[in-house]
Amino acid sequence: MSDPQPTYLHDYQPPAYRVTHTELKFDLAPSATKVSARLQLERNPARGEEALPLELDGEGLRLERIAIDGQALNPDEYTQGDTGLTVHRVPERFALETEVVIDPAANTALEGLYRSGSMFCTQCEAEGFRRITFYPDRPDVMATFTTTLIGDAEREPVLLAGGNPVERGELPNGRHFVTWEDPHPKPSYLFALVAGDLEKVEDRFTTASGREVTLQIWVEEENLGKTDHAMASLKRAMRWDEETYGREYDLDLFMIVAVNDFNMGAMENKGLNIFNSAAVLTHPQTATDAAFQRVEGIVAHEYFHNWSGNRVTCRDWFQLSLKEGFTVFRDQCFSADTNSAPVKRIEDVSFFRTAQFAEDAGPTAHPVRPDHYIEIGNFYTLTIYEKGAEVVRMLRNLLGWETFRRGSDLYFARFDGQAVTIEDFVGCMAEVSGQDLSQFMRWYAQAGTPEIDANGHYDYAKGEYHLTLRQRTPATPDQPDKQPLHIPVRLGLVGTKSGRDLPLTLDGEALGTDAVLHLREEEQHFVFTDVAEAPVPSLLRGFSAPVKLRFPYGREDLAFLLANDSDGFNRWDAGQRLAMLALDDLIAAHRNGVEKVMDSRVIEAFRTLLSEESDDKAVLAEMLTLPSEAYIAEQQPVVDVDAIHAARTFVKQGLALALREEFLAIYEANLSDAPYAPEPEQIARRSLKNVALSYLMSIEDEGAIERARRQFEAGHNMTDVRTALTLLTHSSRGDLAEPALKAFGEQWAHDPLVMDQWFTIQVTRPQEDALERVKFLMQHPAFSLKNPNKVRALIGAFAGQNRVNFHRLDGEGYKLLADVVIELNRLNPEIAARIITPLTRWARFDETRQALMKGELERIRGEALSPNVYEVVEKALA
Ligand code: B3K
Ligand code: ZN
């Protein structure tokens, strides 16, 4: 087998043929489904006058018949290879008919048509449709679809596809059929079907212009009681998109289906969204607050794609962030509007700075718009999604909401029904605003996290504050030299006497108390005049750009900002920076074998937080949460997992010992018997209470252990139960944890989503037996390597969240992950190429661990690899 070859953006050419209509018929059978296709094709003038051969993608298809305009082709009229089929000569306009047979039951990659339990379902993005039939499987070929599904009336009473059902009927031998028509031209990646024994929950939505839309959520019968929240979220999202972006739904029917085996969270197929059951099903007894919020966000995200993705789609897969970055930005704003906006921003940024920064610093770093790939399935990344969303957020901030909205309106109006590029999107924003966004476009082309070094001083005599900003983006693979970016830096100057934001005057212009500086050069100086008192600068407010900003803050400065900054996000960030300074000292102490001493300023800062009556409990809970081990690791030149774990534990225990009474009071004050609701106010109380409990449990305070035990046994809701069970399991009190785990495992043996949590709780414990537990649990009847949720819950959680045990010095953690990758490379390459991530970050560790990790990567490289794993491993070992 030759090495897989990259595809390059600069090689893009329009398709030689367009499909105007696609007619599909599926005769469903688990191991031999017959797919008959009839495509109306015509030469594409955009490609030129020449009569080119017809190239179709197709993988793993057994061809039974091929005909043009009713005339079967002779074997010498076409060539079939591993990845497709070429018809040498075709007319200018013609109908192509094919019949192929595929094997859904053998499809463990979960791309194309596959089985999930007893259901049939599809996943076509990015290139799954070619595993269903021969087709120009690229997003710039858009056609209307008519789909007929034939199934067994008893086994598959429900037959769904995108669009509207137009015909149904009985057939001989207990078979039946349904025909669906989708009037909106769509690319093949948005095709979907589902067949099986499903039940539905139905609701209605009337659009702003009066269209009556039927909303359906299809699930297996036992999950009928778990759809309320998803349905409510869907309706809120539909209304929000009308009110915020002026976007209405465009079919009479919108369906969501929950499936248990799914590679991602969900998929925005036109009219028929297919969801990982974990991203749609909720119940107070089985799902945590975080899961409720995740469901709300994903339901909204997929719905929003109906415009940003489906009506206007991507010309090619290099433009993936055109739909994903914009849609993530839209779902973030929706969640911010629906819940607590400051907390949403803190959560998003906290995750972003941990995980996307790490991606940018690793061997798979790539720009928001990559210029080449081997396997597009590897590019559904934090950079494309989350950094893409940050770039759109910067545009919104640069233009202001009103102008941004006009740009969005123009984009949707001008490109409706088309497959377009990132230039088209940014071009609309430039056009409506009159701004020159050419330098801004570098955000799409340049990989890596820009770093800003900021310095400032106050000139008492002149009443001036001088600020210098210097930017630099470190080299990333394939991109040694970087150009300066256009970086919006939002800031305020907080007066040290008044504790208030001071008025900002720059070059004689009054800017209010909160302004945006435009950093475009490598280095720029800003002189603020009429500054009446010495300030502490509050920089990069709201995380106004996805960069690392360094400023030589002293601990007093940070404690001051934590208490006084008017920007909620920066108050939180000041607390994180303060904790980081203390953690850095403790990490050094641990490494040098010096006695650790708790920084009293951190204790005092926390005491102040705990003593103030906070009106925003959710923000307080975030402020009380220490930076995660993963985030701390990101800040270290060489990651020492043991020192980080020890330092963080030490700070947590130090705070718990010093503030025991305060944490106890918070815990007690936020207990509640109110019936569970996933509402911001309740969620805030629970998270505050549970943060307090986790501090108290870090010192295994007897009262706290008793409270955790009671909280578990009360079984009020999954948020509380899971927190209590996690704290017990991660403590040294095996006598309490083991019976609790056993009871929980037995109680929920029937519920795969709860069992996922049961796996994660156990394999993330810091005790030394964690790795043995992983191995043991991999044999559990509820575990399967074929199910991506199980792989994530057990293997992903261990390798990603249990840092001390995954990085064991005997290399057993690495070996276990490599074994799983090798197995998954055969079963499900997309998941294999994701789960391998922690091993690819070897360069961040000490030499011993580097050698062990590289050794495992080499072992993987010795296998016959899928293009997915091949691409990642080659980059990791380059
Ligand atoms: N667009 C899908 C991605 C699925 C791709 C998997 N290979 C999910 C989403 O972003 O909404
Ligand atoms: Zn998406």
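Me: Let's jump in at S15. In S15, what is the bridge partner of Thr147?
Reply: That's Trp180, which sits in S15 and bridges to Thr147. Bear in mind that this is a predicted model.

Me: Okay, and how many bridges join S12 to strand S15, and which way do they run?
Reply: Nine bridges link S12 with S15 (residues 175-186), and the two run antiparallel.

Me: Is S12 mostly covered or exposed?
Reply: Mostly covered. S12 spans residues 143-152, and ten of its ten residues are buried.

Me: What about S2, how does that one join S12?
Reply: Strand S2 covers residues 17-27 and is joined to S12 by seven bridges, with the two running parallel. For a concrete pair, take Phe26, whose bridge partner in S12 is Leu149.

Me: What holds paired strands together in general?
Reply: Strands in a sheet pair through hydrogen bonds of the backbone, and the pairing can be parallel or antiparallel.

Me: Back to Phe26. Which residue does it stand opposite in S3?
Reply: In S3, Phe26 stands opposite Val35. S2 and S3 run antiparallel, with ten bridges between them.

Me: How many residues does the hairpin from S2 to S3 go through?
Reply: Five residues make the hairpin connection between S2 and S3.

Me: And why is S3 called largely enclosed?
Reply: Because eight of its eleven residues are buried, S3 (residues 33-43) is largely enclosed by the rest of the structure.

Me: Which strand does S3 pair with over ten bridges in the antiparallel sense, apart from what we said about S2?
Reply: S9, residues 93-102, pairs with S3 that way. One example is Ala37, whose bridge partner in S9 is Thr98.

Me: Where do I end up after S3? Say, where is Asn44?
Reply: Asn44 is in the loop between S3 and strand S4 (54-57).

Me: Buried or exposed, that Asn44?
Reply: Buried. Asn44 has a relative accessible area of 5%, and the cut-off for buried is under 20%. Also, from C-alpha to C-alpha, Asn44 and Leu817 are 48 Å apart in space, and 773 residues separate them in sequence.

Me: New topic: which residues does the cis peptide bond join?
Reply: Glu125 and Ala126, with omega about -5°. Ala126 is in the loop between strand S11 (119-123) and S12.

Me: Now the open sheet. What's the order of its six strands?
Reply: The order is S29-S28-S31-S26-S25-S33, and the pairing is mixed. At the edges are S29 (509-510) and S33 (548-550), each pairing on one side only.

Me: How do S28 and S31 pair?
Reply: Antiparallel, over two bridges, with S28 being residues 505-506 and S31 residues 523-529. Leu506 has Phe528 in S31 as its bridge partner.

Me: What's up with the phi of Asp507?
Reply: Phi there is near 50°, a positive value in a residue other than glycine. Asp507 is in the loop between S28 and S29, and it is exposed, with a relative accessible area of 75%.

Me: And what is the phi of Asp530?
Reply: Asp530 has a positive phi of about 55° and is not a glycine either. Asp530 lies in the loop between S31 and strand S32 (535-539). At 60% relative accessibility, Asp530 counts as exposed.

Me: Last one: which residues form the negative surface patch?
Reply: Asp197, Glu199, Glu221 and Glu222. Glu222 is in the loop between strand S18 (212-219) and helix H1 (228-245).

Me: Why does Glu222 count as exposed?
Reply: Because its relative accessibility is 62%, and exposed means over 50%.

Conventions. Residues are numbered from 1 along each chain as its sequence is written. Chains are lettered from A and ligands numbered from 1 in the order in which they are written. This is a predicted model: local features need pLDDT of at least 70, side-chain atom pairs count only at pLDDT 80 or more; totals for chains, interfaces and linings use all residues. Side-chain values use heavy atoms; hydrogens and water are left out. Patches are made of residues with over 30% relative accessible area and no salt bridge: like charges are joined within 9 Å, nonpolar side chains (Val, Leu, Ile, Met, Phe, Trp, Tyr) within 5 Å. Accessible areas come from the Shrake-Rupley method with a 1.4 Å probe; for residues, only the protein chains shown count as cover. A salt bridge is a side-chain nitrogen of Lys or Arg within 4 Å of a carboxyl oxygen of Asp or Glu. Lys and Arg count as positive and Asp and Glu as negative; His and the chain ends are not counted. The place of a charge is taken as NZ of Lys, CZ of Arg, CG of Asp or CD of Glu. Helices (H or I, at least four residues) and strands (E, at least two) are DSSP runs, numbered from the N terminus. Buried means under 20% relative accessible area, exposed over 50%, partly exposed in between (1.4 Å probe, protein chains only). Two strands pair if DSSP finds at least two bridges between them.
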